[in-house]
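Colleague: I'm new to this one, and I'd like a close look at a single topic: the salt bridges. Could you walk me through them?

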Amino acid sequence: MKTDAGRTANDGNEKSSRWIDRALSTVERVGNKLPDPAALFLILLVIVWILSALLAPMQFAEIDPRSGKPLQINNQLTGTAIATFLSNMVTTFTSFHPLGVVLVALLGVGVAEHTGFINASLKGLLSFTPRVLLTPMLILVAVISHTAADAGYVLVIPLGGVIFYAAGRHPLAGIAAAFAGVSGGFSANFVPSSIDPLLSGLTQSAAQVIDPARTVNPLSNWFFTGASCLLIMGVGWFLTDRVIEPRLRGVEVDGDVAEMPKMEALGAGERRGLFAGLATLAAGVTLLALVSAPADSPMRSPTGYRLTSQSFERVRTAGVPADVLKKAEPLLNREHANQKALQDALKARLGEEANAAHGAAFVGGAEPVAPQLTAANAPLMQAIVPLIFLLFILPGIVYGYVAGTVKSHRDIIQGMSKTMSTMGYYIVLAFFASLFIAAFGQSNIGALLALKGAGALKALALPGQVTIVGIIFLTALVNLLIGSASAKWALLAPIFVPMLMQLGISPELSQAAYRVGDSTTNIITPLMPYFPLVVVFGQRYVRNTGIGTLVSLMLPYSIAFLITWTLFLLAYWMLGIPLGLQAPYGYP
């Protein structure tokens, strides 16, 4: 028997649930009334052109940290700009990074799906995985996929839909959970990746504005990002099972039934094929590990170079003037992929004349950095997408021949063609998205918005803890327009890092705050390059999936991640738990 208090509590929960559902339904309804995503990118392109023409004559006080000069908006409607736009249109489209990543990876995945290898693998997986643990398992895999660059977008997100559908759950909930892990939890990973040294290099350069000898360890946020995995997994699990999936109960799955995964028990032929396919996959991974392990492996990055304190001392002893050493100080302890990269960095810092006179001394005094597997320029990292292609197509082919689903090579080609036939809409989206993103970047409008926001936050002169929260929320807002993590930090770090150092806050803490804000709004902005692809994945199951559908699904994740992750960082700071290697909270 329910008490009055129990009924009141239940009524309150039901009202709260109905309010959230109405709000999300409104977001979905309004979002789906927006123009088609392809047309939306075209409209935004025109808006950027017009704004650039209006803002180009204006003078701005903000200093562009990339050039050291006042920021200038570039008019995209001049004759020269239009001629450049037209002449580069094809290369802008074909060089659009997500396009090649998606198409190449899906060629291999398509064969594995067509032959039945993926379906059989999921049947085997679901046969021993408790239904209740599917969500956290999927989110954890999504988070780990960051290590393999963009693999999560083209592999884990569509598999999220397949896994949930095969388990009798709503496929859009699986896609949402995977998208939340891959993109919303982008900075939560206990496996270091190429983004760590990339961001730490920018942080170090900004810190050296105040302290030329200050260095930032590439793993300075490692402990925090590793612990954040548990937070993202827990919050994502709760939202998927308690908010997102209940809301989808009335949404009909009306995709092509013939294309949906089936959950019958594995037959004898499927079991033989699955064993052979998994053995092929294991052999491929083992071979890759054996090739990559040696110190002189061709899969490792070339020998890098770094200017250390000892390097500067040798250069000083060689007679390089103090003013030239001062100019080169921002390069202290920054790793460069090769000698040419170091020479280019010196030329940019010293200028033509000083570099010609003293650049060779710096290069000669630089210390080598051992080849690495996880460096951004390592062949292993650059080959992630081709490796996905091979590690799916080969087991898929072996499975098909052993299980009897493949009779000849024509069946394999048919699998590739079938997958590509579903990507026509995405290719159209990618065409207009690539043109908009290129024009937006060239115009400098995004940089202006970022610098204006950072300047306003600095002018408020708030206490350190409040400023950290402000950085997180400002980054989350800027992230709606500028997707690249490194591009945003290149703009914001020269403002935030020195400002917070003067308040006694370390560069490592500033970087951690940035990473929280940079992740949480990835999943709700249609301007994120992979956002249209996730819409396409959703349309495989629910045909009328649109921008509004996806935004309404992802908004609870975005808000919850932003709030809980911010509180988690503040608690982490309050408890004094190390952020990572050589990462104090205070400065000096």
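Modeller: Let's start with the term itself: a salt bridge here is a side-chain nitrogen of Lys or Arg within 4 Å of a carboxyl oxygen of Asp or Glu. Keep in mind that this is a predicted model. With that definition, K347 and E352 make the list, since their side chains meet with N and O 3.4 Å apart. K347 is partly exposed, at 39% relative accessible area, while E352 counts as exposed at 56%.

That pair has company: searching the whole structure turns up seven salt bridges. Among them is the one between E62 and K452, whose closest N and O atoms are 3.3 Å apart. E62 sits in the loop between α2 (37-55) and β1 (63-64), and K452 is in helix α21 (residues 445-460), so this bridge ties together parts that are 390 residues apart in sequence. E62 is buried, with a relative accessible area of 18%, whereas K452 is partly exposed at 42%.

Now have a look at D241 and R169, where the N to O distance is 2.7 Å. D241 belongs to helix α11 (residues 222-247) and R169 to the loop between α8 (151-166) and α9 (171-184), so the two link parts that are 72 residues apart in sequence. R169 is buried, with just 7% relative accessibility, and D241 is partly exposed at 23%. There's a third player here as well: R169, D241 and E245 are joined into one network by salt bridges that share partners.

Key. Residues numbered from 1 in each chain as written. Predicted model: local features only at pLDDT ≥ 70, side-chain atom pairs only at ≥ 80, totals over all residues. Heavy atoms only, no water. Helix = DSSP H or I, 4+ residues; strand = E, 2+ residues; numbered from the N terminus. Buried < 20%, exposed > 50% of the residue type's maximum accessible area, 1.4 Å probe, protein only.
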